[in-house]
Amino acid sequence: MDGVQLGARFSIATNRLNYCGPSDAEPRLYGAIVGPAGTAEARASLEKFEALLPYLAAIGRRHGLDPFDARVVEAYWVGNDLLDAFGPKEFAEILTALEARGLPRSIGRRLRENLPEDALPFHAFHVAYVGVGAVTGHVPTTVPNMEACRPAWGKVERVADGRLGVRKPSIVLRGDKLALGGHSVEDLAYDPRVLPGVRVGDWVALHWGWPALVLSDSQRAAVEEYTRRSFDAANRVLPSWGIL
């Protein structure tokens, strides 16, 4: 699939909840997901998502790629080696771009002053470090919202009547550190047009309770690796802020 389709799969859930993006984006994103290719209209809608484009633009610029190249979008939502070329200087530039799209300058300044050396332009790092809803102000930064917003992965144990039973780990606090805790099975609605042929044993990516994508084995390993790296980096500074 192309980058617009992949981006739409992860972005449509928050748009339906009125958390991110333009109010008329959902039908364009859905059309891109179930159609043969992403559309210019869907891309234009994704470019208006408040926190998305600064990350895609930074990854693309670093590697000479279009922001909606499939590898760039995969890097931000699932994780791949395009993320490994980043450090505090590059992430500080992303924060400046986020300020232009709604991130309060006081938060941006605090984030720049505390940037860990291994800052990543990955959505789980945005969730843990910048904060859920920090750019739009639509969602409070709480551990349950971090869990909903991070790109999660889970193994399908049941498929029936438009619902999936998915076994997945969840964020927990160990002392004042973010970590991944024990597994539980969640019952989630899914769209057969979005995940045609999904079956027991598949790994799926989740965003705000929405099964967005069937993951390959390498993608499942990547999203776990980059999530753990994101939490390790964020944990170095989060306790001193007293926000968790």
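**Exercise 1. Place Ala148 and list its partners.**

Ala148 lies in helix 9, residues 143-149. Helices here are DSSP runs of H or I with at least four residues, strands are E runs of at least two, and both are numbered from the N terminus. This is a predicted model: local features need pLDDT of at least 70, side-chain atom pairs count only at pLDDT 80 or more, and totals for chains, interfaces and linings use all residues. Residues are numbered from 1 along each chain as its sequence is written, and side-chain values use heavy atoms, with hydrogens and water left out.

Step 1. Set aside neighbours within four places in sequence. Ala148 is then in contact with His207 and Trp208. Contact means heavy atoms within 4.5 Å.

Step 2. Take a C-alpha distance. Ala148 and Ile171 are 9.4 Å apart in space and 23 residues apart in sequence.

**Exercise 2. Describe the surroundings of Ile171.**

Step 1. Locate the residue. Ile171 sits in strand 2, residues 163-174.

Step 2. Decide: buried or exposed? Ile171 has 8% relative accessibility, so it counts as buried. Buried means under 20% relative accessible area, exposed over 50%, and partly exposed in between, with a 1.4 Å probe and protein chains only.

Step 3. List the contacts, not counting residues up to four places away in sequence. Ile171 touches Val143, Met146, Glu147, Arg150, Leu178, Ala179, Leu180 and Phe231.

Step 4. Add a distance. From Ile171 to Gly181 is ten residues in sequence and 5.9 Å in space, C-alpha to C-alpha.

**Exercise 3. Examine two residues for backbone phi.**

Step 1. Recall the background. Most residues other than glycine have a negative phi.

Step 2. Take Trp208, a contact of Ala148. Its phi is positive, near 50 degrees, and the residue is not glycine. Trp208 lies in the loop between strand 4 and strand 5 (210-215). Its relative accessibility is 17%, so Trp208 counts as buried.

Step 3. Take Asn18. Its phi is about 65 degrees, again positive in a residue that is not a glycine. Asn18 is in the loop between helix 1 and helix 2. With a relative accessible area of 59%, Asn18 is exposed.

**Exercise 4. Explain why helix 5 is described as largely enclosed.**

Step 1. Count the buried positions. Helix 5 covers residues 70-77, and six of its eight residues are buried, so the helix is largely enclosed by the rest of the structure.

Step 2. Name them. The buried residues are Val72, Val73, Glu74, Ala75, Tyr76 and Trp77.

Step 3. Find what they pack against. The partners are helix 1 (3-16), helix 4 (52-63), helix 8 (123-131), strand 4 (203-207) and helix 10 (217-235).

**Exercise 5. Characterise two exposed loop residues.**

Step 1. Pro36 is in the loop between helix 2 (26-34) and helix 3 (40-46). It counts as exposed, at 86% relative accessibility. Pro36 and Asp2 are 34 residues apart in sequence, and their C-alpha atoms are 9.4 Å apart.

Step 2. Arg193 is in the loop between strand 3 (177-189) and strand 4. Its relative accessible area is 53%, and Arg193 is exposed. Residues up to four places away aside, Arg193 touches Tyr30 and Val34. Arg193 and Leu120 are 73 residues apart in sequence and 32 Å apart, C-alpha to C-alpha.

**Exercise 6. Find the hub residues of the largest nonpolar core.**

Step 1. Define the set. A nonpolar core consists of buried Ala, Val, Leu, Ile, Met, Phe, Trp, Tyr and Cys residues joined through side-chain atoms within 4.5 Å.

Step 2. Read off the result. The largest core has 81 residues, and Phe91, Tyr129 and Val130 have the most contacts inside it.

Step 3. Look at Phe91. Beyond four places in sequence, Phe91 touches Tyr55, Leu115, Ala119, Leu120, Pro121, Phe125, Tyr129 and Val130.

**Exercise 7. Summarise the whole fold.**

Step 1. Count the elements. The protein has eleven helices and five strands.

Step 2. Check the overall form. A compact globule of 244 residues would have a radius of gyration near 18 Å; the protein has 17 Å, which agrees. The radius is taken over C-alpha atoms, and the globule rule is 2.2 Å times the number of residues to the power 0.38. The C-alpha trace spans about 50 × 40 × 30 Å along its principal axes.

Step 3. Assess burial and contacts. Buried residues make up 52% of the 244. Of the contacts with a separation of 6 or more, 60% join residues 24 or more positions apart.
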